[in-house]
Amino acid sequence: MSLLRVENLDVFYGDFQAVRGVSLAVDEGRTVAIIGANGAGKSTLLNAIVGLHPQKRGKVVFAGADVTSNRADAIARAGMTMVPEGRRLFGTLTVEDNLRVGAAAGRKGPWTLGEVYRLFPRIGELRHMPAASLSGGQQQMVAIGRALMTNPRILLCDEISLGLAPKIILDIYRCFEAISATGVSIVVIEQNVGQACAAAQYAYCMLEGKVSLEGPTADLSMEAITAAYFGLDHA
Amino acid sequence: MIWVETIVNGLLLGGLYALVGLGLGFAFGVMRIVNVAQGDFIVAAAFLGVFLLPWTPVHPLLVIIPVAIAAFGIGMLLQWLLINRVLGHDQIPQILLTFGLAIVLRNGMVELFGANTRSINVGDLRFMGFDFLGLKLGVLPVLILAIAVFLFATLHLWLRKSDMGRLIRATADDHRIVQLCGVNFRSIYAVAMGLAMALSAVAGILLAMRGSFTPYSGADRLLIAFEVVVIGGLGSFWGMFLGGMVLGVAQLVALKLDPASGLMYGHIVFILILIMSPSGLAGAFRR
């Protein structure tokens, strides 16, 4: 049975419908990519799944329970959290305090301050610095660390490579293998198709709020992805 | 020497003014909520103090403790039952809600207690004084300043060091994102409003011990609180303390020059600071 199942989800901003009838499934311990151009509805979909965006129709089932109308904090305590787009650290808090806030979810598990610092040694050195003073890549590591501190069963990552140098993106994606090895399911949202498909076993491509293509990443040809990504079929 | 004494007394009064502003400033800093009813809650706390005074053991000053605890509970309830329902991008509903609450509170108090002037009687303490380097100072004002400094410092340390303090700071930074860490920001808001109300209640009791109050004093109290917060620079912790001091000194020096001026010169100083440095004193230093 899937750890996370989304059925026929519609998400709205007032009168505007940003996500149209999206269904997807993520199995325990797997990594899934959601790719798509800017404005395809990926972030909105993620925000709706974790409970930050209330205007929705359809069903979100997490660990066997219907969480569609649950609050984001209850969903986080149940074991599903997100690394938000743009990192959104608590800027006036130190790096370590940011991580400790993650521990407020009160979930037991492998992730502690020590483990996060082992995964990202650089932020261990910076732990007494205000989070706002860090570079983009370092902030992204703190944001991932903060989410890990909730000891999630599934981690949703919204555009974590946006605006970062290629080398740093590579470093961060390398850490995903270590995170995945602890049994955490991962969903990555990316505009960067190659990066996302390399990390994931299964991918969904979104176009104008709908899933335009899905399949195991090994089976998806670049031509098919390009067509689904830009909507070349009906161009 | 008489001027030095006036300025020192202004500083003593300023500590109390700073405390009047602390509750309002703290609530705004954490939640971006302007509680227009804060002034009337300050007066209500003083009435509760008068009511509890006969049952207060050891010393009348200790009436602060039960009133602060009650105010904490009322603050939490206020946030849970009312203010949390109108949160959103638009701040007007919060302001209208607390404005309505202020009117209900004020008229409720007139109805219940009448419009007479009252004060909280702390016995001999009110008239006790001592000499310090040739200055004649009152024991009560010094004690009140000590309480204000203690509360500022304690709140500051608690926010820095405690787990709840960390969650409050994180919520103040980004209340949407703390939810992803399993934190219900509405609960954090309730705690913050409880604290803001408890601090305001202490200020209300101390004001009633130093001076007097009527059910209509709320507007004055709110004005002082606003001025302290704005002079200090919105959300700046020790800036508020400085703001209180500026108001206190301005008021007492002006009263010496023009005994009929009341709070007027304090307000004039406030306007001058606002014109010269719209982001407050802390803002002026930050630039």
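This is a short dialogue on reading a predicted model with chains A and B.

User: Start with the contact between the chains. How many residues of chain A are in contact with chain B?

Analyst: The size of an interface is often given as the accessible area lost when the parts come together. Here the view is by residue. In this predicted model, 25 residues of chain A are in contact with 15 residues of chain B.

User: Which elements of chain A give two or more residues to that side?

Analyst: They are α2 (72-78), β6 (80-83), α3 (95-102) and α6 (136-148) of chain A. By character, the chain A side divides into 12 nonpolar, 6 polar and 7 charged residues.

User: Now helix packing. At what angle do α8 and α9 of chain B pack?

Analyst: Read the angle along with the axis distance. Helix α8 (residues 218-232) and helix α9 (residues 237-257) of chain B pack at about 120°, and their axes are 7 Å apart. That angle makes α8(B) oblique to α9(B). The crossing is right-handed.

User: Which residues make the contact?

Analyst: From α8(B) come B:Ile224, B:Glu227, B:Val228, B:Val229, B:Ile231 and B:Gly232. From α9(B) come B:Gly239, B:Met240, B:Leu242, B:Gly243, B:Gly244, B:Val246 and B:Leu247. The contact of α8(B) with α9(B) divides into 8 nonpolar, 4 polar and 1 charged.

User: And α3(B) with α7(B): at what angle do their axes cross?

Analyst: Roughly 145°, with the axes coming within 7 Å. The crossing of α3(B) and α7(B) is right-handed. Their contact holds 20 nonpolar residues, 5 polar and no charged.

User: Next, the nonpolar core. Which residues touch the most other members?

Analyst: The largest nonpolar core has 164 residues, and B:Ala192 and B:Ile205 touch the most other members. Among the elements, helix α7 (residues 185-210) of chain B gives the most to this core, with 19 residues.

User: What does B:Ala192 touch, not counting residues up to four places away in sequence?

Analyst: B:Ala192 touches B:Phe26, B:Ala27, B:Val30, B:Met31 and B:Ile168.

User: On to the backbone. Which residues have a positive phi although they are not glycines?

Analyst: Take two cases. A:Arg87 has a positive phi of about 70° and is not a glycine. B:Arg32 has a positive phi of about 55° and is not a glycine either.

User: Where is A:Arg87, in the loop between which elements?

Analyst: A:Arg87 sits in the loop between β6 and α3 of chain A. B:Arg32 is in the loop between α1 (2-31) and α2 (38-52) of chain B.

User: Are these two arginines buried or exposed?

Analyst: Count C-beta neighbours. A:Arg87 has 24 inside 10 Å, so A:Arg87 counts as buried. B:Arg32 is partly exposed, because 14 other C-beta atoms lie within 10 Å.

User: Last, pairs of residues apart in sequence. How far apart in space are B:Gly108 and B:Pro215?

Analyst: Compare the sequence gap with the C-alpha distance. B:Gly108 and B:Pro215 are 107 residues apart in sequence and 8.8 Å apart in space. B:Gly108 lies in helix α4 of chain B. B:Gly108 has 13 C-beta neighbours inside 10 Å, so B:Gly108 counts as partly exposed.

User: What separates the C-alpha atoms of B:Leu82 and B:Thr98?

Analyst: A distance of 9.2 Å, with their places 16 residues apart along the chain. B:Leu82 is in the loop between α3 (64-81) and α4 (92-113) of chain B. With 14 C-beta neighbours inside 10 Å, B:Leu82 counts as partly exposed.

Notes: Residues are numbered from 1 along each chain as its sequence is written. Chains are lettered from A and ligands numbered from 1 in the order in which they are written. This is a predicted model: local features need pLDDT of at least 70, side-chain atom pairs count only at pLDDT 80 or more; totals for chains, interfaces and linings use all residues. Axes are lines fitted to C-alpha atoms, for helices over the stretch in contact, and angles run from 0 to 180 degrees between N-to-C directions. Helices (H or I, at least four residues) and strands (E, at least two) are DSSP runs, numbered from the N terminus. Angles under 35 degrees count as roughly parallel, over 145 as roughly antiparallel, 65 to 115 as roughly perpendicular and the rest as oblique. A crossing is left-handed if the near helix is turned anticlockwise from the far one by less than a right angle, and right-handed if clockwise. Two residues are in contact if their C-beta atoms, placed from the backbone, lie within 7 Å. Ala, Val, Leu, Ile, Met, Phe, Trp, Tyr, Cys and Pro count as nonpolar, Asp, Glu, Lys and Arg as charged, and the others, Gly among them, as polar. A nonpolar core is a set of buried Ala, Val, Leu, Ile, Met, Phe, Trp, Tyr and Cys residues joined through C-beta atoms within 7 Å. A residue is buried if 20 or more other C-beta atoms lie within 10 Å of its own, exposed if 12 or fewer, and partly exposed in between; C-beta atoms are placed from the backbone.
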